[in-house]
Amino acid sequence: MITRIKTNEKIIFLTIDDAPTSISTPQTLEFLKYYNVKATFFCIGKNIIEDQELTQRIITDGHQIANHSFSHLNGWKTSKNKYISDVNKGKSLTNSNFFRPPYGKISPLQYLYLYKNYRIILWTMMVYDFDKKRSLEKDKKLLEKYLQPGSIFTFHDNQKAIDKKNILLPYFIELALKWNFRFEPLDKYVL
């Protein structure tokens with residue numbers, strides 16, 4: 001599983017989970033366009049079906065689409081066969097061999113099967129933008145701490161995350177650019 005990209009260059013990787021959602025993804029795309037930053041969107045298959053136009057906008061704007069399963073199943077609570085089937089169904093819509101397990105939860109058996117056909121991508125820092133109990137100041141300090149070459153950052157495009165994401169994402173992008181980091185999609189560095 002990949003949690004960081006080995007590099008000495010000031011390159012970082014912005015990833016967005018749970019897209020596309022009409023309530024959050026358009027704002028995320030506006031932030032990325034404003035700052036001229038590219039990201040990798042780990043999309044949920046059923047969300048792609050529900051909003052194909054928004055999915056196409058992600059691609060047209062030059063971002064990478066990757067697989068976050070079809071229905072966002074928790075691997076620790078799902079049988080191997082059902083989980084694998086759901087991941088493969090997500091791949092059929094994203095056409096991506098990059099897979100991020102929902103919740104970061106994948107069983108050893110699921111992993112043993114999937115690693116042969118997928119690049120399993122986790123993160124260096126999960127931004128808990130969906131957790132309203134965590135303070136913004138704590139999240140900002142963690143973003144600063146993990147802002148290092150090769151780090152993979154994960155934000156979320158969903159109802160729970162929208163308020164904090166809309167504050168933390170521009171803050172993070174401005175900080176990274178101020179510190180002379182460059183944002184890249186994962187497909188340029190993960191084979």
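Both faces of strand β7 are covered in this predicted model. I152, T154 and H156 lie on one side, F153 and F155 lie on the other, and each of these residues is buried. The count for β7 is thus five buried residues out of five, and the strand is mostly covered.

Two strands pair with β7, as tabulated here.

| Strand paired with β7 | Sense | Bridges | Residues placed opposite each other |
|---|---|---|---|
| β1 | parallel | five bridges | D17 and H156 |
| β6 (residues 125-126) | parallel | two bridges | M125 and F153 |

The connection from β6 to β7 involves helix α6 (residues 136-146), and the three elements form a β-α-β unit of right-handed sense.

**Nonpolar cores**

The largest nonpolar core has 30 residues, and the members that touch the most others are L14, F41, F155 and F172. Two or more residues come from each of β1 (11-19), α1 (25-35), β2 (40-43), α3 (52-60), β7 (152-156) and α7 (162-178). The largest contribution is that of α7, which supplies six residues. In soluble globular proteins, nonpolar side chains tend to be buried together.

What does L14 touch, leaving aside residues up to four places away in sequence? Its contacts are L32, V37, K38, A39, T40, F153, F155, L169, F172, I173, F183 and E184. Of these, F155 and F172 are also named with L14 among the members that touch the most others in the largest core, and F153 and F155 share one side of β7.

A second core, separate from the one just described, contains eleven residues, including F13, F42, A66 and I152. I152 belongs to the side of β7 that also carries T154 and H156.

**Helix α3**

L54, T55 and I58 are buried in α3. Viewed down the helix axis, the buried residues of α3 fall within an arc of 105 degrees, so they line one face of the helix. Q52, E53 and T60, on the other side of α3, are exposed.

Which elements cover the buried residues of α3? Among them are β1, α1, β2, α2 (45-50) and β3 (64-67). Of these covering elements, β1, α1 and β2 also each give two or more residues to the largest core, as does α3 itself. Just after the helix, G62 adopts a positive phi of about 90 degrees.

Notes:
Residues numbered from 1 in each chain as written. Predicted model: local features only at pLDDT ≥ 70, side-chain atom pairs only at ≥ 80, totals over all residues. Heavy atoms only, no water. Core = buried A, V, L, I, M, F, W, Y, C linked by side-chain atoms within 4.5 Å. Buried < 20%, exposed > 50% of the residue type's maximum accessible area, 1.4 Å probe, protein only. Helix = DSSP H or I, 4+ residues; strand = E, 2+ residues; numbered from the N terminus. Contact = heavy atoms within 4.5 Å. Pairing = 2+ DSSP bridges. Right-handed = clockwise from strand over helix to strand, strands pointing away. Arc of directions from axis to C-beta.
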